[in-house]
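The exercises below ask you to read a fold from its contacts, its pairings and its burial. Each task is followed by a solution that proceeds step by step, and it may help to try the task before reading on.

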Amino acid sequence: MKLVPLVCRKCNGKLNGKGALAGVVCPSCGSAYLLGKDGLEPVPAKYTADSAPEGADVVYVPFWRETFDFKITSEKSSGIFSPNYAGPHTEPYDMKIPAFELRAEALQGMAEDSVSWSQKLTDKPPAGARFANISLSETDARKLAQFVACSIEVKKSGTMQALSYETAFQKPELVFLPFRWKDKQLFDLEDRSWTDAVLSIP
Ligand SMILES: [Zn+2]
């Protein structure tokens with residue numbers, strides 16, 4: 001058994017393992033670490049560059065940003081074979097998979113919505129921010145991204161029975177975006193709530 005010192009290599013701040021199934025985020029400086037075979041491995045992260053909202057209820061939650069080509073090779077809808085029934089998906093997906101504790105339906109909904117999000121990002125962590133730990137691995141995020149892309153295609157056609165596809169993923173990016181956390185609910189900046197969030201913050 002290996003003991004992992006829970007100390008930030010950048011600022012010596014104390015790390016807290018709450019909700020950290022895949023990685024921890026330094027509450028002092030926002031540096032991110034994945035839990036690897038040999039302990040904590042630093043992972044480059046990006047943070048929103050837009051003017052950050054302020055307040056004690058604002059928390060930066062991690063996402064795996066998956067950029068990937070999703071090519072449908074065949075579809076079967078209502079007994080008729082119709083390749084690209086819903087039209088070919090030509091642009092690569094830019095999808096953010098929630099990497100913090102969230103219930104399954106909310107996770108899928110958020111990931112589907114995220115294809116229309118666009119944020120300016122920076123390497124610089126926001127000063128004095130609160131962060132949630134990382135509860136989802138890169139590998140699981142990639143699997144979920146494929147699942148969500150399929151579910152988007154199924155919604156387009158309405159009657160799809162079978163789908164085969166090919167994917168080509170770029171290296172994922174760890175991205176932190178601000179949400180509001182009040183009354184055990186997560187709100188986006190437009191004040192839409194993700195009611196079944198189960199976020200646990202160190
Ligand atoms: Zn730190």
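## Exercise 1: the buried side of a helix

Task: In this predicted model, establish which residues of helix H1 (residues 104-113) are buried, and explain why they lie on the same side of H1.

Solution. Begin with burial, where a residue qualifies if 20 or more other C-beta atoms lie within 10 Å of its own; in H1 this selects Leu-107, Met-110 and Ala-111. Next, consider their directions around the helix axis: these residues cover an arc of only 100°, and therefore they fall on the same side of H1. For the wider setting, the protein has 202 residues, of which 32% count as buried, and its secondary structure consists of 2 helices and 13 strands.

## Exercise 2: the nonpolar core

Task: Describe the largest nonpolar core, stating how many residues it has and which elements give two or more residues to it.

Solution. The first step is the size of the core, which comes to 43 residues, and the residues with the most contacts inside it are Tyr-60, Val-61, Ile-97, Ala-99, Ile-134 and Phe-176. The second step is to trace its origin: two or more residues come from each of strand E1 (23-25), strand E2 (32-36), strand E4 (45-48), strand E5 (58-77), strand E7 (93-98), H1, helix H2 (138-157) and strand E11 (173-182). Among these elements, E5 gives the most, with 6 residues. The third step is to follow a single member of the core, Phe-176, which, when residues up to four places away in sequence are left out, touches Ala-45, Tyr-47, Tyr-60, Val-61, Pro-62 and Phe-131. As general background, nonpolar side chains in soluble globular proteins tend to be buried together. Finally, for the protein as a whole, 70% of the contacts with a separation of 6 or more are between residues 24 or more positions apart.

## Exercise 3: a sheet of three strands

Task: Work out the order of the strands in the open sheet of 3 strands, and say which of them are edge strands.

Solution. Start from the pairings: 3 bridges join E1 to E2 in the antiparallel sense, with Val-24 having Tyr-33 in E2 as its bridge partner. E2 is likewise joined to strand E3 (residues 39-43) by 5 bridges, again antiparallel, and here Leu-34 stands opposite Glu-41. E2 and E3 form a hairpin with 2 residues between them. The order is thus E1-E2-E3, with antiparallel pairing. E1 and E3 are the edge strands, each pairing on one side only, while the twist averages 30° from one strand to the next.

## Exercise 4: the partners of E5

Task: For E5, determine how many bridges join it to E7, E9, E10 and E11, and whether each pairing is parallel or antiparallel.

Solution. Take the antiparallel pairings to begin with. E5 pairs with E11 over 8 bridges, and the bridge partner of Val-61 in E11 is Leu-177. With strand E10 (residues 160-169) the pairing extends over 9 bridges, where Phe-70 stands opposite Thr-167, and with E7 there are 6 bridges, Thr-67 having Asp-94 as its partner. The remaining pairing to examine is that with strand E9 (residues 130-131), which runs parallel to E5 and is joined to it by 2 bridges; in this pairing Tyr-60 stands opposite Phe-131.

Terms used. Residues numbered from 1 in each chain as written. Predicted model: local features only at pLDDT ≥ 70, side-chain atom pairs only at ≥ 80, totals over all residues. Buried ≥ 20, exposed ≤ 12 C-beta atoms within 10 Å, placed from the backbone. Helix = DSSP H or I, 4+ residues; strand = E, 2+ residues; numbered from the N terminus. Arc of directions from axis to C-beta. Core = buried A, V, L, I, M, F, W, Y, C linked by C-beta atoms within 7 Å. Contact = placed C-beta atoms within 7 Å. Pairing = 2+ DSSP bridges. Axes fitted to C-alpha atoms, helices over the stretch in contact; angles between N-to-C directions.
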